[in-house]
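Please open the structure in a viewer and set the display to show secondary structure. The tour proceeds by selections, each followed by a description of what is found there.

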Amino acid sequence: MDKEKPKLIVFTTLFQSKLGGVKDLLILLGKDKEVEELDREFQKRKIFGPWGLKELNKLFAGFSEKELRKLCFDYCQKNLLPGLPQFISFLKRKKFLVGILSSNPQFMLDVLKENLPLDFAFGTELEIKKGEVTGEIIRELNRFQKTKLLRQIRKKYRIKKNQTIIFGKASITHLPMAREAGIFVGFEPEKENIISLFTLDKNL
């Protein structure tokens, strides 16, 4: 990364989960059959581009925002990557800009931001009317939109590409973002501790 020190750390993967946060939440809501069918289709299509966020998020229709936020809080308490809160706190003490760019619903990211010292947390924003989720998407944060948003964040804070580190699941869905960072740290979230993935040396 040349001789310039990193300034921006972005997490795209947050939970010890094989399927991911949004699918886990839907399973907890009793949508396991629908999730299984959609995930099967997603695995076939993911190499060709984004697919499935619209279909998945429609399954939240009719649930109250309050209920979903409570479910998210309980889920995060149990499934957050081991060591992630401590790692983020360490990075903030070192004056890093730290945030999350995720396809998970924004209400889940809001819960995380309320409980972690994050500078930003952007996800897929769902329409909410009279306290209930309609199932419609206001802002979809797929792999390409996350990449576009990352560029905007770098521009806003005047951070170069080679000063950016991204942590995320080793997946083709994160390839566009990986190309926009000096370092991409790919890992298997259901198996690895986040702190063990990176040597906190003089570069930090």
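The stops below concern a sheet, one of its strands and a helix, in that order. The model is predicted.

**The sheet**

Begin by selecting the six strands in the order β4-β3-β2-β1-β5-β6; together they form an open sheet with mixed pairing. Strands of a sheet pair through backbone hydrogen bonds, either parallel or antiparallel. From one strand to the next, the twist averages 30°.

Which strands stand at the edges? They are β4 (132-139) and β6 (183-187), and each has a single partner strand, so one side of each lacks a neighbour in the sheet.

Select β5 and β6 next. This pair runs in the parallel sense, with 5 bridges. Within it, I166 has F184 of β6 as its bridge partner.

**The hairpin at the other edge**

Move now to β3 and β4, which pair in the antiparallel sense over 4 bridges. Highlight E125 and R139: R139, in β4, is the bridge partner of E125. The two strands form a hairpin with 2 residues between them. In the turn, K130 shows a positive phi of about 50°.

**A residue in β3**

Select T124, which lies in strand β3. Is T124 buried or exposed? T124 is buried: its relative accessible area is 0%. To see what surrounds T124, display its contacts beyond four places in sequence, among them L53, N57, S102, S103, N104 and P105. Its contacts also include I137, R139, E140 and L141; R139 is the residue already met as the bridge partner of E125.

**Helix α7**

Select residues 143-157, which make up helix α7. This helix of 15 residues reaches 21 Å from its first C-alpha to its last, close to the 21 Å expected at 1.5 Å a residue.

Colour R143, K146, T147, L149, L150, I153 and R154, which are buried. Looking down the axis of α7, one finds these buried residues within an arc of 165°, so they line one face of the helix. On the other side, K155 and K156 are exposed.

What covers the buried residues of α7? The covering elements include strands β1 (8-11), β2 (97-105), β3 (120-129) and β5 (164-169), as well as helix α8 (175-178).

Finish at the two ends of α7. At its start, a side-chain oxygen of N142 comes to within 2.9 Å of the backbone nitrogen of F144. Just after the helix, R158 adopts a positive phi of about 55°.

How values were computed. Residues are numbered from 1 along each chain as its sequence is written. This is a predicted model: local features need pLDDT of at least 70, side-chain atom pairs count only at pLDDT 80 or more; totals for chains, interfaces and linings use all residues. Side-chain values use heavy atoms; hydrogens and water are left out. The expected span of a helix is 1.5 Å times one less than its number of residues. Buried means under 20% relative accessible area, exposed over 50%, partly exposed in between (1.4 Å probe, protein chains only). The arc is that of the directions from the helix axis to the C-beta atoms. Contact means heavy atoms within 4.5 Å. A polar contact is a pair of N or O atoms within 3.5 Å; within protein, one must be able to donate a hydrogen and the other to accept it, and residues adjacent in sequence count only if both atoms are side-chain atoms. Two strands pair if DSSP finds at least two bridges between them. Axes are lines fitted to C-alpha atoms, for helices over the stretch in contact, and angles run from 0 to 180 degrees between N-to-C directions.
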